[in-house]
Amino acid sequence: MTDQTLDLLVDQLLASYDLCGGIKHLNGCNLPSKSSVASLVEDLLHIVFPGFITDRPSASRDLAAETKLQLGRLQAKLDHEIGKTLEIRPIPGQDAGSLALDFLHRLPEVRKLVQTDVEAAYRGDPAAASKEEVVVAYPGVEAVAVFRLAHILHRMGVALLPRMMTEWAHSRTGIDIHPGATIGTHFFIDHGTGVVIGGTTEIGDRVRLYQGVGLVARSLAKHVERDEQGDAIGGKRHPTIGNDVTIYAGATIVGGDTVIGDRTIIGGNVWLTRSIPADSVVVFEAEQASVHTRKKLGGDWVI
């Protein structure tokens, strides 16, 4: 390439930067980097699953020293990356150091929840040979663990970082969980590819989802109203799922007013925009191209 051609390309790109201003970030604050966030998440998974995310055996006698070392590294990384987000969206009365320390103090709480998720996967999948297999080989467990970490930061008001964390998990697992969702204990995503859980979704305890399930919002107007911090205005946009619900592959549940009652089963490929009472079974009858709700009365299922 000649200097003249190179100069021409530079001029064309500079003109593009002026014309397409919404996809450049120049002369602004330093954003969290994807590589730094990936490293941060991997370090956090070391803490959540000690002895699993490593290429060498770990011994109990070394755990205290290794954990102390890992926490020191984590605090420095969190301080640095959270500091970048505070330049974009300050949190009144908080600084990066205090937020990082607060987050680290909540890791035992996250581990308790993740333990219930691993238990749900092991007990709920007859193909699971051991809990070790569940931790190292099940994408749903990894995606949910990262979500639970990111959800803490989201609740603390930290910008960008929680979403980058769950998108890192999304790229690895095919499971897209917004960090703003609320998810109870013993949550199991089986297989997982293509699962989407929106940011205002509420999920109860002991819920199981299969691949391709979407818990999504209704289509919004072309212009979305936002508050001063850039968040969409409009309240709850995604469904509420009760306790002990099972949702089979390919089902899509739509809208913030849609509530799925406790112990309900949603069959595969069902499209739902309305609430379903507790103890129901919803199935898609392909030959009739319609959805029937079956209510359990006594020992029988009736339409």
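A helix axis here is a line fitted to C-alpha atoms, over the stretch of the helix in contact. Keep that picture in mind, since this tour of a predicted model stops at several packed helices.

**The whole chain**

Start with everything shown. The protein chain holds eight helices and 16 strands. Of its 303 residues, 40% are buried. Among contacts between residues at least 6 apart in sequence, 43% join residues at least 24 apart.

**First stop: α2 and α5**

Two packed helices are described by the angle between their axes and the distance between the axes. Select α2, residues 34-48, together with α5, residues 107-124. At what angle do α2 and α5 pack? The angle is about 70°, and the two axes are 10 Å apart. Angles of 65 to 115 degrees count as roughly perpendicular, so that term fits α2 and α5.

Now show the side chains where they touch. From α2 come Leu44, Ile47 and Val48, and they meet Leu107, Arg111 and Val114 of α5. Sorted by class, this contact has five nonpolar residues, no polar ones and one charged residue.

**Second stop: α2 and α8**

Keep α2 on screen and add α8, residues 161-173. The axes of α2 and α8 come within 10 Å and cross at roughly 75°. This pair is therefore roughly perpendicular too.

Which residues of α8 meet α2? Pick out Leu161, Met164, Met165 and Trp168. On the α2 side, the residues to colour are Lys34, Val37, Ala38, Leu40, Val41, Glu42, Leu44 and Leu45. By class, the contact of α2 with α8 has ten nonpolar, no polar and two charged residues. You have already met Leu44, which also takes part in the contact with α5.

**Third stop: α4 and its buried face**

Next, select α4, residues 96-105. Ala96, Leu99, Ala100, Phe103 and Leu104 are its buried residues. Turn the view to look down the axis of α4: these residues fall within an arc of 135°, so they line one face of the helix. An α-helix has 3.6 residues a turn, so residues three or four places apart point the same way.

What covers the buried residues of α4? Bring back α2 and α5, and add α3 (63-88) and α7 (139-156), all of which are included in the cover.

Before leaving, zoom in on the N-terminal end of α4, which Asp95 caps. One of the side-chain oxygens of Asp95 lies 3.1 Å from the backbone nitrogen of Gly97.

**Fourth stop: Tyr122**

Move along to Tyr122, placed in α5. Is Tyr122 buried or partly exposed? Its relative accessibility is 33%, so Tyr122 counts as partly exposed.

Leaving aside its neighbours within four places in sequence, Tyr122 is in contact with Ala128, Ala129, Ser130, Lys131 and Val134. Try a distance label from Tyr122 to Val135 as well: they are 13 residues apart in sequence, and 9.5 Å separates their C-alpha atoms.

**Last stop: two loop residues**

Finish with two residues that share a backbone feature. Leu160 sits in the loop between α7 and α8. Leu160 is not a glycine, yet its phi is positive, about 60°. With a relative accessibility of 38%, Leu160 counts as partly exposed.

Then jump to Asp244, in the loop between β8 (240-241) and β9 (246-247). Asp244 is not a glycine either, and has a positive phi of about 60°. Asp244 is partly exposed, at a relative accessible area of 29%.

Technical notes. Residues numbered from 1 in each chain as written. Predicted model: local features only at pLDDT ≥ 70, side-chain atom pairs only at ≥ 80, totals over all residues. Heavy atoms only, no water. Axes fitted to C-alpha atoms, helices over the stretch in contact; angles between N-to-C directions. Helix = DSSP H or I, 4+ residues; strand = E, 2+ residues; numbered from the N terminus. Parallel < 35°, antiparallel > 145°, perpendicular 65-115°, else oblique. Contact = heavy atoms within 4.5 Å. Nonpolar A, V, L, I, M, F, W, Y, C, P; charged D, E, K, R; others polar. Buried < 20%, exposed > 50% of the residue type's maximum accessible area, 1.4 Å probe, protein only. Arc of directions from axis to C-beta. Polar contact = N/O pair within 3.5 Å; in protein donor to acceptor, adjacent residues only side chain to side chain.
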